[in-house]
Amino acid sequence: MHSIPSVRTYVTIWAILTIMTFVTFYVAQIDLGPWNVVVALIIAFFKMMLVVLFFMNVKADSPLTKLFAGAGFFWLILLVGQTLIDYISRSWMPNGKFW
Amino acid sequence: MADTHAVATEHEHSPHLRHHFDDMAQQFDSATLGMWVFLLTEIMFFGGMFCAYSVYRSMYPEAFASTSQYMNPKFGAFNTAILIVSSLSMALAVRAARLGQRKALQLLLVITMIFGLAFLGVKAFEYHEHWVDMKVPLFAGHWDYSQAPQFARQAQILFCFYFFMTGFHALHMIVGVGLLTTILVMAHKGTFSPEYFTPVEISGLYWHFVDIVWIFLFPLLYLIGHTRQLI
Amino acid sequence: MSTALADPQLTEQPNYLNSEYGWKSWLFTKDHKRIAILYLISITVMFMIGGIFALLIRLELLTPEGDMVNSDTYNKFFTMHGVVMVFFFLIPSIPATLGNFFVPMMIGAKDLAFPRINLLSWYIYIAGAAFALAAIVMGGVDTGWTFYTPFSSTYSNTFVITAAVGVFIAGFSSILTGLNFIVTIHKMRAPGMTWGRLPLFVWANYATSLIQVLGTPVVAITLALVALERAFHIGIFDPAIGGDPILFQHMFWFYSHPAVYIMILPGMGVISELVTCFSRKGIFGYSFIAGSSLGIAIIGFLVWGHHMFVTGMSMYASLYFSFLTMLVAVPSAIKVFNWTATMFRGSISYDTPMLYAFGFIGLFTIGGLTGLFLGTLGIDVHVTDTYFVVAHFHYVMVGGMVLAYMGGVHFWWPKMTGKLYPEGWAKFSALLVFAGFNATFFPQFIAGYLGQPRRYHAYAPEFQVYNVMSTAGATILGLGYLIPLIYLTWSLRYGKPAGNNPWGAKGLEWETTSPPPTYNFEKTPIVTEEAYAYSHQKEIEVG
C-alpha cells in the first residue's frame, strides 16, 4: 500500500482547516452582499479538498479512487445545477415573449 | 476458450482473508472502493437536501437571511472546530492502525468519539434553545415568528431544512460513534495489525465524510445574512 | 440445439442447489446463485401482483363509463400497478436475478465482492415489499406511482407514508446491489479478463450499477421529505406556505428518469448475449456497445425535465432538456444498429430466447422512437398525460425490458437449473406475448393521440374500440406470461437434463456444469480470448 503520511502533515492540515473555519466566521461578519455566500462556499470547498486529499488519503490513492471521489461531487453539481437552470431562467420571460 | 489453469493459491494467509478473494490486497482494495461507492450514495442523499435548500434560498433570500437571528454562529463555528479535531484524531488513528500501534490506536479512537459526542452535545443544546424559542415547526404549534411575520412562512421552510439536514447529519454521527465503538472493541482485542486494518480505514473514510457534510452545513445554515438587520 | 447428456450421474453432481438442504441453507446463504434464485421467486410474486392490478385497470376500461369502480379506487389501481411494477419488479429484475447469478461467473470470480451485503440486499427488498403490500392491504395509495405533491404530501387520504417507506427501503436494496456489482467488476476479474474482453452483459450491469448508486439516494431523500411533510404537517412542497411542487418533480425525476435506464440497460445486455449466440457470430462494434451503455448512464442524468414540459417549468430549461433528450436516443440507436449488423450474415437459429430478442429489437425501437416524439416540445404539449405516453413506456418497458427478461430467463434456465424446458410451449408463449403485447399497447398510441387522457377511470365513448382491443390483447399477454410459469416449474422436475452448454454458447458461465458448483470454478480461469469468439459453423457442443 502507499506511504504513510507523518503526524506533522496531519497536524498541519488540521491547523489550516481550523484557521479557515475562523476565517469563514469572521468574513461572514462583513457585508459583501451576495458574495458572502460565494466566499463561504469557496472556503468550504477548499476545506473539503484538504480533508479528501489528506485525511482521506485520496492524494496518494489510485486514479480509480480519485475518479469516484470526483464523480460524487460532480453528480451533485448536476443535480443542483440543472434544477437551478429552471428557477433562474423563469424570470427571463417577463412579458411572456420568448426573446 | 478459457484455459483453466490454476492460479496459485497459498494456504498460508491471514485468518481475516475471506475466501472469495484471492489475497488481502484485493480484499482491502475492494473494501475501500466499496466504502467510496457508499459515500457516493451519501453525497447524493445529502445532496438532495442541499439542492432543495438551494432552490428555496434562491427564491426567498430575505426570509432565509432573517433566520440568522435565531442561529448562533459561535456554536456553529465551535462545533465545526470540534469536528475537525475529531477528523485529525481519526486520521491519526488510521495511521496508528497501519503502523500496528495498538495503544495509540485505542487512545485516538476514544478521543475521536469524545469529540464526536461533544459535537452531539452542543447540537442537543442548540435544539433545546430552538425549542424554547418556538422555532421547531416540525411539531404543530411550536412555531412562532411573530417578530417578522412577513417572513414567517418562508422562514418555516428554512427551519424545516435546518432540522432535517442537521438531524440526518446527527444521525450519521451517532452511527459513526457506534461504528467506532465496534472498532475500539476490535482494537482492544488485538484484531488489527499492519496486515489487516481494513475496518479502521473504512470507518475513517466514513467519519471524514460526515465531517465534510458539516463543513458545508455550517456556512449555509448559520452564516446567512449576519450583517443585515432584518428583524 | 441438441443436448448431450444421457448420463444420469451428472445431474447428481454436487452443485449449488444440492450442496446443502433446508430452509436455513437458503435464508442464510452467501452464495450469489442462491440469492439470485431467492430474488427470482420474489420478483415473480411481485410481478403477479402488479399484473393483477393491470387486469383490474383493463377491466374498468372496457367501457367508457366509470362503472366498475369509482375514481378513487381506480386511482389506487394504477398507482399500485405502477409502484409494484416499477420499484419491485422492473428495477431489481435482471440485475438481482440474472446479474447476481451470472456477473461473477462471467468474470471468473467465485462470488460477488460482498456476499453478505448481497444477502442483506434481498432482505431489505423483502422488507420494502412488505411495506408496499401493507399499504395495498390496508387500503392502497392513490397518488400515482409518481407521488406528485401537494396531493401526496397534503391532500391524499391514503397510505402514502407506508408506500413511500416501502419504496425508500427497496431503494437501498437497489443501491447495495449496484455497489456490489461495481466493486466486483473492478476488483475481481479473473486473470486475462480485461475490460475489453468482458461480456457485454457485464458492461450493461456495470453501467446500471452506476445509475443505481448515483440516482437512487435522491429519490430516497425526496420521498423521505414527502413522508416527513405528511407526518409532521409541515410544508416543504406545499404552495400554501411557499413550497414549490415543481421542486418535488425535479428531485423525483432526477432519479426516475435514469431509473428507466436502470430498467432497460440490463435488458440490452441480455440482448447482446442472445444475438451473438443465436447468430453464432461475434458482436459487431463491441466497444460501441460497451461505450453506449456508459453513454446512456451518463446522458440519462441530463434529461429529466422532459417529464415536466407542461408544469410551468421555464421555457429555457425545457429547451435544454428537450435537446439533450434527442441526444440520449443516440447510444440506444447505436445498439440497435450493432445488433442488426451482428445478425447480418450470421447463422440464425430461432430458439425461444432468440424470438424474444427479435421481439425486443423491434418493440424497443418503436418505444424508443415514440420517446423522441414525446421529447419534442410541440408534440409533447399535445400528447402529454395521454395514452400515448402510456403506450410509449409500455413499449420500452414491456416490449423491451420484459421480453429481454423472458429471453434471458429462457437462455440461462438450463444453466441455472440443469433442465431444459419444452421448446414447443416456449415458442408458443413467446408468440402469444408478442401478439398480445402489440394488441394491448398499439391501440393506446392511437387513443392517446386522439386525446384519451391517462389516469382517468372513464373516457369519451369514441375511444372505446381501442380500449376493447387493448383489454383483449391484455388477456392474451397474460396467458403468454402464465404458460411459461407453468412449464418452467414443470421442467424443474420433468425437464430433460441440459448438459453444460446446450446452446453452444461462448462465455465462462457455460464452461461449468449445469447447475454450476457452489464455488463456480474448480480453478480460477485464465482468459485468453475475446468475448463472443464464435466461428461461423453451427457447433453442437457435447457438455
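Biologist: Happy to look at this with you! What pLDDT does chain B average?

Modeller: This is a predicted model, so confidence is a good place to begin. In chain B, 91% of the residues score at least 70. Over the whole of chain B, pLDDT averages 89.

Biologist: And over which residues of chain B does pLDDT stay under 50?

Modeller: There is such a stretch in chain B, and the model gives it 17 contacts beyond four places in sequence. The stretch with pLDDT under 50 is residues 1–10.

Biologist: Let's turn to chains C and B. Which helix gives the largest share of the side of chain C that touches chain B?

Modeller: That contact takes 39 residues from chain C and 35 residues from chain B. On the chain C side, α7 (160–187), α8 (200–232) and α9 (245–279) each supply at least two residues. The largest share is 9 residues, and it comes from α8(C).

Biologist: Nice! How many residues of that side of chain C are nonpolar?

Modeller: The side of chain C that touches chain B includes 7 polar and 7 charged residues. The nonpolar count there is 25.

Biologist: What about chain A where it touches chain C: how many residues are nonpolar?

Modeller: Chains A and C contribute 13 residues each to their contact. On the chain A side, 3 are polar and 2 are charged. The nonpolar residues number 8.

Biologist: One last thing, then: how far apart do the C-alpha centres of the two domains of chain A lie?

Modeller: Chain A is divided into domain 1 (1–61) and domain 2 (62–99). Between their C-alpha centres, the distance is 24 Å.

Definitions and conventions: Residues are numbered from 1 along each chain as its sequence is written. Chains are lettered from A and ligands numbered from 1 in the order in which they are written. This is a predicted model: local features need pLDDT of at least 70, side-chain atom pairs count only at pLDDT 80 or more; totals for chains, interfaces and linings use all residues. Two residues are in contact if their C-beta atoms, placed from the backbone, lie within 7 Å. Ala, Val, Leu, Ile, Met, Phe, Trp, Tyr, Cys and Pro count as nonpolar, Asp, Glu, Lys and Arg as charged, and the others, Gly among them, as polar. Helices (H or I, at least four residues) and strands (E, at least two) are DSSP runs, numbered from the N terminus. pLDDT is the predictor's confidence in each residue, from 0 to 100. Domain bounds come from an automatic or database domain assignment.
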